[in-house]
Amino acid sequence: IQPKIARKDVTLHILKTFNLHASKKLGQNFLIDEHVVQGIVAAAGAGSGDTILEIGPGIGTLTQGLAEAGSQVVAVELDKRLPDVLAKTLAGYDNVRIIQGDVLRIDISREITVPKYKVVANLPYYITTPIIMKLLEERLPIEVLVTMVQKEVAERMIASPGGKDYGALSVAVQYYTLPEIMFFVPPSSFIPQPAVESAVIRCTVRQQPLVDVQDETRFFRVVKAAFAQRRKTLHNALKAAGLDAPQVNGILNTAGIDGMRRGETLSLAEFAAVANAWTEQEQ
Ligand code: SAM
C-alpha cells in the first residue's frame, strides 16, 4: 500500500527528496488535501471501467486517487523533471502511463484510442482556457471534464446572459457541455498556496451542441464580436465584424433581434439565430 501523496508532510517530503521547487511559471500548486482528491474522483465517477486523461499530474497526487479507483490513467506532464519523480511516487500502480509533453501540442487522439474517456485535472491556471477550448473544439470522444480551475473562471463558465461574468468562454463551454460547479477549494489545500480561491467544475459533454448552428466558425465569430467591445450595441459589434449597415439590418431582421441590445445580453439561442441568419444571407 502506497502512502497518500495528498498530505502536507508527504508532499513536502517528496519535494525535498527530489530537490524540487514548485515552478510558478508552470502553474504548479500541489494538492495536499485528500478530501479534495476524493471529491474530484467522485465528481468524475472514476471507476475501473474508465480511461482518464489527466493533465498535469505534478507529483502524482490526483493520479494516485484515480489509479486507486481502478481507472486507466494517461497523464500528460510538461515539466521534464517530473516523469522520474512520478516513476517513484506511483511505482505501485500498473494502470498509469505518463507522457512528457505539452497538452496543447500533443496529438491526444493518437495517444488515447479508446472510444470514450474522461478528463480529470487540477489545471495550471495560466492556460486553463486554451486547454479547455482545445479539448472541446477538437471534438474528442470525451464524456466529461472534471477540472480544478480558478473560482472566477468557474463562475464565467456557468454564467448566464447579461451579467459581468458572461462572455465568450461561457458561450463556448455551454455550447459543448453542461457545466456545474461541484465545490470550492481554499488556497490552504495546496502547496504552495495559490493567490486565488479555486473550484472544481464538472462539464458533461453534450451529445449534440445546445443550439443548432449551421456554421460554427461564424457562430463563434459573432460571439467574439459581441464580447470584443461589451459596451457596444449588437448592431455596431456586427459592423465591427466586417458587415455593412444594410447587411446587419437584414441579419437582425431575419433573426428577430433588436440591434440596440448589447451583444452580452444574448442567449446561446440568440447568438445561433444571428449566425444562422448571416449564413443564410451569404447563400
Ligand atoms: N495534479 C497535481 C496536483 O493536483 O497536485 C499538480 C497540479 S498543478 C496545479 C498543474 C500541473 O500542470 C503542474 O504539474 C504543471 O507542471 C503541469 N503543466 C503546466 N503546463 C502544462 C502543459 N502545457 N501541459 C501539461 N502539463 C502542464
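**Exercise 1. Which loop holds Asp102, and is Asp102 buried or exposed?**

Before you start: this is a predicted model, where local features need pLDDT of at least 70, side-chain atom pairs count only at pLDDT 80 or more, and totals for chains, interfaces and linings use all residues. Residue numbers run from 1 along each chain as its sequence is written.

Step 1. Find the flanking elements: Asp102 sits in the loop between β4 (96-100) and α5 (108-111). Helices (H or I, at least four residues) and strands (E, at least two) are DSSP runs, numbered from the N terminus.

Step 2. Get the cut-offs: a residue is buried if 20 or more other C-beta atoms (placed from the backbone) lie within 10 Å of its own, exposed if 12 or fewer, and partly exposed in between.

Step 3. Asp102 has 10 C-beta neighbours inside 10 Å, so Asp102 is exposed.

**Exercise 2. Work out the surroundings of Asn122.**

Step 1. Asn122 belongs to strand β5 (residues 117-122).

Step 2. Asn122 counts as buried because 29 other C-beta atoms lie within 10 Å.

Step 3. Skip neighbours within four places in sequence, and Asn122 is in contact with Leu31, Gly56, Leu62 and Met148. Contact here means C-beta atoms, placed from the backbone, within 7 Å.

Step 4. Check the record: UniProt (unreviewed entry) puts the feature "binding site" at Asn29, Leu31, Gly56, Glu77, Asp102 and Asn122. UniProt positions use the numbering found here, feature names are shortened, and annotations may be inferred rather than shown by experiment.

**Exercise 3. Describe the shell around the ligand.**

Step 1. There are 22 residues around the ligand, and Gly56, Gly58, Leu78, Asn122 and Pro124 come nearest. A residue is near if its C-beta atom, placed from the backbone, lies within 6 Å of the molecule or strand.

Step 2. β1 (30-31), α3 (61-68) and β3 (72-77) each give the shell at least two residues.

Step 3. Sort by class: 12 nonpolar, 7 polar and 3 charged. Nonpolar covers Ala, Val, Leu, Ile, Met, Phe, Trp, Tyr, Cys and Pro; charged covers Asp, Glu, Lys and Arg; the others, Gly among them, are polar.

**Exercise 4. Pick out some unusual backbone spots.**

Step 1. Recall that most residues other than glycine have a negative phi, and most peptide bonds are trans.

Step 2. Ile191 and Pro192 are joined by a cis peptide bond, with omega about -15 degrees. Pro192 lies in the loop between β8 (190-191) and β9 (198-205).

Step 3. Asn19, not a glycine, has a positive phi of about 50 degrees. Asn19 is exposed, since 7 other C-beta atoms lie within 10 Å.

Terms used:
Two residues are in contact if their C-beta atoms, placed from the backbone, lie within 7 Å.
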